[in-house]
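Trainee: Could we go through how some of the labels for this model are justified? I'd like to set each one against its definition.

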Amino acid sequence: MDEFQDMTNHHTITRPPRIFLPENFRVTDWSSLQPWYDELLARLIQSAEDLRTWFRHRSELEAVVADDLAWRYIHMTRFTDDQAASESYRFFVEELQPRIAPLTDSLNRKAMESRYLGELQRLPGYDILIRNLQKEIDLFREENIPLFTEINLEQQKYNRIAGAMTITFRGQELTLQQAGVLLQEPDRVLREEVYRLITARRLQDREQLDALFTRLVRLRHQVAVNAGFANFRDYMFKALGRFDYTVQDCYDFHEAVRLHVVPQLNRLMEARKANMKLTALRPWDKAADVLGRAPLRAFHNGAELAEKGIKCFARIHPYLGYCLQTMREMGHLDLESRKNKAPGGYNYPLAELGIPFIFMNATSTLRDIVTLMHEGGHAAHNFLTRNLELYHFKSTPSETAELASMGMELISMEAWDEFFPQ
Ligand SMILES: [Zn+2]
């Protein structure tokens with residue numbers, strides 16, 4: 001943790017020196033990228049040490065490519081109406097990804113066929129890497145490459161459609177996230193008006209969204225069938241590396257929630273209805289305070305959310321505060337809701353640089369604080385893994401990744417008075 005020793009000295013962190021690609025190499029077009037894949041494919045490997053070096057070189061190439069895609073994705077989701085940003089993402093998905101995919105498969109096969117692989121299997125992390133390489137080989141189908149391109153492009157349409165949705169309430173244009181905050185207001189008539197405006201706006205794009213959903217279901221089902229699976233669910237179970245639990249375990253969990261959690265939620269809703277003295281609880285009654293108090297305003301804008309979030313993290317541990325602070329200084333936080341921004345929130349790890357990017361649609365609510373704590377937990381995880389030997393070691397499946405993020409939602413609670421002073 002070299003940056004921990006150094007954390008009082010806030011400066012922009014740069015990526016580590018490269019060992020394979022030239023320092024000034026950037027992803028531009030296929031003709032400049034392909035030779036690096038070809039070199040790895042053609043390279044003669046004559047010892048376990050050679051193979052380990054090969055993995056490190058491959059890791060660097062894949063991290064550089066992944067970070068390039070990451071920035072294209074980040075720009076596109078931050079500015080869904082920016083044609084150049086969409087075009088740059090589309091170029092990667094249409095022109096580069098389909099050419100990278102078969103070479104990645106060939107690299108996987110080359111690694112698995114190497115007679116030195118057994119020697120590396122004993123090194124920490126390599127056993128899991130090897131299991132994943134086998135999984136990737138099992139799932140790869142040439143005929144799925146164009147389907148993945150199409151899926152990627154279709155998915156982006158959702159962001160563009162959703163990012164453009166706004167309502168006009170009493171003369172003011174609001175994003176749906178901003179409008180959603182008004183559902184916490186004590187005035188029931190106002191809440192219903194806002195709720196109906198939001199739903200009407202969503203319904204306006206109903207046909208487009210239904211058609212998009214239908215296309216995606218068909219495409220994903222075809223991907224699964226091509227790879228020898230009965231359906232997309234079973235395909236994804238393998239693709240997501242779910243080696244430790246089964247589809248049946250998920251059904252059992254679902255049943256447990258139905259039996260034990262849903263009745264509790266119903267009781268809470270009954271109590272809400274009684275406390276609010278309502279004859280019928282409607283969708284616009286679920287976010288307001290039951291005692292009719294004004295909604296909590298935890299912060300007023302993205303800058304204040306970042307400032308208080310950093311203080312909150314630093315109180316739990318100085319290193320956690322340092323992570324968010326560094327991201328802020330490097331311009332890696334885009335927290336505030338605005339028009340033409342994709343919905344949702346994410347922490348995008350940037351593998352080569354090792355400093356992630358957090359994207360959110362915050363307004364002023366407690367839910368936004370929890371989201372920042374969550375994404376900040378992912379971010380701290382990325383900081384802590386940035387010096388691992390291989391890119392592959394840094395990308396954990398969601399079951400592991402969510403431990404850091406959901407853990408931070410809970411651990412940070414004791415410092416939430418940064419947002420709600422007594
Ligand atoms: Zn998460």
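Mentor: Gladly! E4 and strand E5 (residues 357-362) pair in the antiparallel sense over three bridges. This is a predicted model, where local features need pLDDT of at least 70, side-chain atom pairs count only at pLDDT 80 or more, and totals for chains, interfaces and linings use all residues. Residues are numbered from 1 along each chain as its sequence is written.

Trainee: What makes E4 and E5 a pair?

Mentor: Two strands (DSSP runs of E, at least two residues, numbered from the N terminus) pair if DSSP finds at least two bridges between them. E4 and E5 have three bridges, so they qualify. In one of them, Tyr346 has Phe359 of E5 as its bridge partner.

Trainee: Why are E3 and E4 called edge strands?

Mentor: The open sheet runs in the order E3-E5-E4, with mixed pairing. Strand E3 (333-336) and strand E4 (346-348) each have a single partner strand, so one side of each lacks a neighbour in the sheet.

Trainee: And why is H4 called oblique to H6?

Mentor: Helix H4 (residues 83-113) and helix H6 (residues 126-139) pack at about 130 degrees, their axes 10 Å apart. Angles under 35 degrees count as roughly parallel, over 145 as roughly antiparallel, 65 to 115 as roughly perpendicular and the rest as oblique. The angle of about 130 degrees falls in that remainder, so H4 is oblique to H6.

Trainee: Which residues of H4 meet H6?

Mentor: Asp105, Asn108, Arg109, Ala111 and Met112 in H4 meet Leu133, Gln134, Glu136 and Ile137 in H6 (contact means C-beta atoms, placed from the backbone, within 7 Å).

Note on methods: Helices (H or I, at least four residues) and strands (E, at least two) are DSSP runs, numbered from the N terminus. Axes are lines fitted to C-alpha atoms, for helices over the stretch in contact, and angles run from 0 to 180 degrees between N-to-C directions. Two residues are in contact if their C-beta atoms, placed from the backbone, lie within 7 Å.
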